[in-house]
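Please load the model in your viewer and keep the selection panel handy. We will walk through it one selection at a time, with a note on what to look for at each stop.

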Amino acid sequence: MLFLEQLLNGVQLGMMLFLMAAGLTLIFGIMHLINLAHGSLYMVGAYFTATVTVMSGSFAIGLFGGCVAAACCGVLIELLAMRHLYHRDHLDQVLATFGIILTANEATKMIFGPQALFLNPPDWLSETVQILPDTPYPAYRLFVIISGIVVALFLRHLITHTRLGMLIRAGATHREMVTALGFNISLLFTVVFALGAGLAGLAGGLAGPLLAIEVGMGEQILILTFVVIIIGGIGSVKGALVAGLLVGIVDTLSRAFLPTLLKTMLPTASADALAGSVSSMAIYIVMALVLIVRPEGLYRAYGT
Amino acid sequence: MMNRALFVVENLTKNFGAITASNGLNLEVVEGEIHALIGPNGAGKSTAIHQLSGEISPDSGRIFFRGEEITRWSADQRARRGIARTYQITSLFPALSVRDNLAMAVQSRDTHHFRFWRQASKDPALRKTVDQLLDAHELMDIAELRVANLAHGQQRQIELALGLALNPKVLLLDEPMAGMSRTESLEMAERIDRLRGSIAVVLVEHDMDVVFRLADRISVLVKGEVICTDLPEAVRVNPFVRDAYLGESV
Amino acid sequence: MEPSLSRGTLVRFAIFAVLVVLPWIAHAMDDPFWITIATRMLIYGLAAMSLDLILGYGAMVSFGHAAFFGLGAYVVGVLTHHNFYDEVIPFLPIEWVGSMSAFVQWPLAMLVSGFIALLIGVLSLRTQGVYFIMITLAFAQMLYFFMIGLPDYGGEDGLNLWQRSEIPGLDLSDSSQFYYVVLVLVSLWFLLSRRVVESRFGRVLTGCRYNEPRMRTLGYPVVRYKLLAFTISAMGTGLAGALMANQNEFVSPSLMAWSTSGELMVMVILGGMGTLIGPLVGAFLLLSFEEVLAGLTEHWMVILGPLLVFSVLFARGGLYRFLVGQRDDE
């Protein structure tokens, strides 16, 4: 059941993208801020998870450490730079956060060295699980999928049932009203930013045992996350989940099966030449199609 | 004067979520008249103007302009066909001079060949037309000043001039007197009065003195629906209109 | 405005004069490497100037201009590659083994970049603001992965060209001669762009930058104007890419990397957005910064990054405006 396995891999990538996109889209939706450095927070999460795991001997503690480190970095960035950018145009936001990426990448290289780190899944997740008879699947990847589902449920509860969520929804549409009612909007922004950063850190930490932990990993996933947000619609957590899964599945399946499919349709030589290119383009083609049909994305939230 | 219909609006409906801004709105504007659109706050006057200008597209219903259906036309298409508008909140090019603001509108009257080469500021034809407009609107003295540095009343005047610079068949005025002093309002009313007969004007205005003095006909909008269209003196004594207004404190 | 205008002319003339005599100085100082660096700066300046056409005049924040830079370079790369090995280019309807002539390669680089920009523009101009930034970035990344996935043209490793384009009567492999060719092209592109900016077309772009909804109700088909500007801008960037391929005698997907798009934007902002000549100054500034800082420490980015954040937060007008004594919003 190669297909089922690849499908699950797609869901797993989709969950990672959801964790990234959920935070980023909330920050967009509420603060109208485009934050390129979101990928750097993912990288921070990955590096700290690896380091704390090695130091403590426990992946769970490591993952927690990664989240906290990313959230702290997020708060720091928010206080030092983002705060001054909320009222600037998007161009300024892009450039300043571009500067933060350069700084974060180089600082990471200085602290952790230029070579990539590798992290093994913890013992209790290193086995495979029989999802169907004769279909083993790595337990760790299932763990990532389940983590994504838990976060999705948590975010739904947070946004629809808590005071913070009420403020988040109100802050997106009626910023002046929230301030007029006496709520501290800049504290709200800091909290949302920390939340988004923590989710990015969690994504990075979870990616640790799957990918090489290296400088530049943040930007790879950042651009995929943008594709997710474009498809899902800015400000919509639900859109982030649906589009995250869509992008994850399309990307994984097209990389797995498109080359073989092309070979049945084209002569071998041109199929080989084009296979890599075409399969990596699949998600962008999906994005283009969504843009033609619904330029504002599948789900559009809070009237932003 | 021939009463030829310019605008015919049939059953226009527009919802924003749970809010109904236009609810089967019917309207007819004839050539050369000043047609006021009044109604209590939230009656959907601005939304109606937005749909006439093409900035908001209706959920259902049809709009005809000079006999042609324009419901799905874009705002720029409509502007090129002779539908100009002004905004309640002044919408100009604040960093540019008064002259350059007007030039922006005048340039749009010419067919849209993309001209890349000739320097626009040295274009004699453009300059001449803009000069005439500056004269006509008594703006020559402040022609070279940046719009951002002008007083509110002057900006409102340029707002009107910008709309007229397109040589429109109909001008949609969304609260032209907004934020003006009494004297400025009177001046503005005089300017609008002078347009009577030459082009049609659709006027949304809160100042009832002005409305009843200027309008040839008045349509009363309540909850997204036109409840009556009539001459000012008839509207003044219409019991339904009184109800609608007394129901809400203005 | 008149006095600062003449100061502007003076500054522009000074910049041009320095650029003209630069190879002589380099030779006099017996340090011809300067010419290579200056050529690189000019080429990046050309790309940044083109980006300024839409960024500064049309308020379209394209985060994908590296794609057009790379496309221009790859057009030269592919034509040279096939011409060198005398192989027919596979994906064309006609049998053609490419060409070495600059008069074929460079215009074609512009056309291909422009055509792809037209396609990307049609899609991305359906949106605005943050969406536009992300979409241009995403499409650029798509083209980047497309080139990486093509093993015939070197994939991730890129393509060696072995030789530069050919112009009869000139030897472009001579660094001074190539420098002057680039300088002439940059100057021509500047004059052309300035004409465009001051034309009626340019006025419309300016209008869109200040108040796009108003432009629409004044009767302008705004998207068509923006699309055309986007395409012209991509063509200039494509030309810069073609020159870059010649400069390096090598093309690789890294030319199309997202960070290149970022750098081009930084050049525009550092030099002064909406001034055309500013981005050229910005290119010189950023690249010399990189040279100098790289000489100090291998971790020079850790200095450049905060400097960049700092300059965005506190110094907005750009260096060129400072030089000519112009205010930010003029």
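## Stop 1: where chains A and C meet

Begin by selecting chains A and C together: their contact takes 37 residues from chain A and 37 residues from chain C. Keep in mind throughout that this is a predicted model.

Now highlight the chain A side of that contact. Three helices of chain A each supply at least two residues to the side that touches chain C: α4 (90-112), α9 (217-232) and α11 (268-293). Which helix gives the largest share of this side? Colour α4(A), which provides 15 residues. If you then colour the chain A side by residue class, you should find 26 nonpolar, 8 polar and 3 charged residues.

## Stop 2: chain C as a whole

Hide the other chains and show chain C as a cartoon. You will see 12 helices and 2 strands. Starting from the N terminus, the elements follow the order α-α-α-α-α-β-α-α-α-β-α-α-α-α. With a radius of gyration of 20 Å, close to the 20 Å that the globule rule gives for 330 residues, chain C is as compact as a globular protein of that length.

Rotate chain C to look along its principal axes; the C-alpha trace spans about 55 × 50 × 40 Å. Of its 330 residues, 54% count as buried. If you draw a contact map, take the contacts between residues at least 6 apart in sequence: 76% of these join residues at least 24 apart.

## Stop 3: a helix pair in chain C

Next, select helix α3 (residues 65-85) and helix α9 (residues 258-271), both of chain C. Their axes come within 7 Å and cross at roughly 110 degrees. That angle makes α3(C) roughly perpendicular to α9(C).

Show side chains where the two helices touch. From α3(C), pick C:His65, C:Ala66 and C:Phe69; they meet C:Trp258, C:Thr260, C:Ser261 and C:Leu264 of α9(C). By class, this contact has 4 nonpolar residues, 3 polar ones and no charged ones.

## Stop 4: where chains C and B meet

Bring chain B back. Here 20 residues of chain C are in contact with 24 residues of chain B. On the chain C side, the elements giving two or more residues are α6 (175-198), α7 (200-217) and α8 (222-248). Zoom in on α7(C), the source of the largest share of this side, with 9 residues. Colouring the chain C side by class shows 8 nonpolar, 5 polar and 7 charged residues.

## Stop 5: an open sheet in chain B

Stay with chain B alone and find the open sheet of 4 strands, ordered β2-β1-β4-β5 with antiparallel pairing. Which strands stand at the edges? They are β2 (19-30) and β5 (68-69) of chain B; each has a single partner strand, so one side of each is left without a neighbour in the sheet.

Add helix α1 (residues 45-53) of chain B, which packs on the sheet and touches β1, β2 and β4 of that chain. The direction of α1(B) makes about 60 degrees with that of β2(B).

Then look at strand β1 (residues 5-16) and strand β4 (residues 60-65) of chain B, which pair in the antiparallel sense over 5 bridges. One place to click is B:Val8, whose bridge partner in β4(B) is B:Phe64.

## Stop 6: strand β8 of chain B

Select residues 200-204 of chain B, which form strand β8. Is β8(B) enclosed or open to the outside? Since 5 of its 5 residues are buried, β8(B) is largely enclosed by the rest of the structure. Both faces are covered, with B:Ala200, B:Val202 and B:Val204 buried on one side and B:Val201 and B:Leu203 buried on the other.

Now show two partner strands of β8(B):

- Strand β3 (residues 34-38) of chain B pairs with β8(B) in the parallel sense over 4 bridges, and B:Leu37 stands opposite B:Val204.
- Strand β7 (residues 170-174) of chain B pairs with β8(B) in the parallel sense over 5 bridges, and B:Val170 stands opposite B:Ala200.

## Stop 7: B:Leu172

Finish by clicking B:Leu172, which lies in strand β7 of chain B. With 25 C-beta neighbours inside 10 Å, B:Leu172 counts as buried. Leaving aside neighbours within four places in sequence, the contacts of B:Leu172 are B:Ile49, B:Leu52, B:Ser53, B:Ile83, B:Arg85 and B:Val202. For a last distance label, join the C-alpha atoms of B:Leu172 and B:Gly39: they are 16 Å apart in space and 133 residues apart in sequence.

Notes
Residues numbered from 1 in each chain as written. Chains lettered and ligands numbered in written order. Predicted model: local features only at pLDDT ≥ 70, side-chain atom pairs only at ≥ 80, totals over all residues. Rg over C-alpha atoms; globule rule 2.2 N^0.38 Å. Buried ≥ 20, exposed ≤ 12 C-beta atoms within 10 Å, placed from the backbone. Contact = placed C-beta atoms within 7 Å. Axes fitted to C-alpha atoms, helices over the stretch in contact; angles between N-to-C directions. Parallel < 35°, antiparallel > 145°, perpendicular 65-115°, else oblique. Nonpolar A, V, L, I, M, F, W, Y, C, P; charged D, E, K, R; others polar. Pairing = 2+ DSSP bridges.
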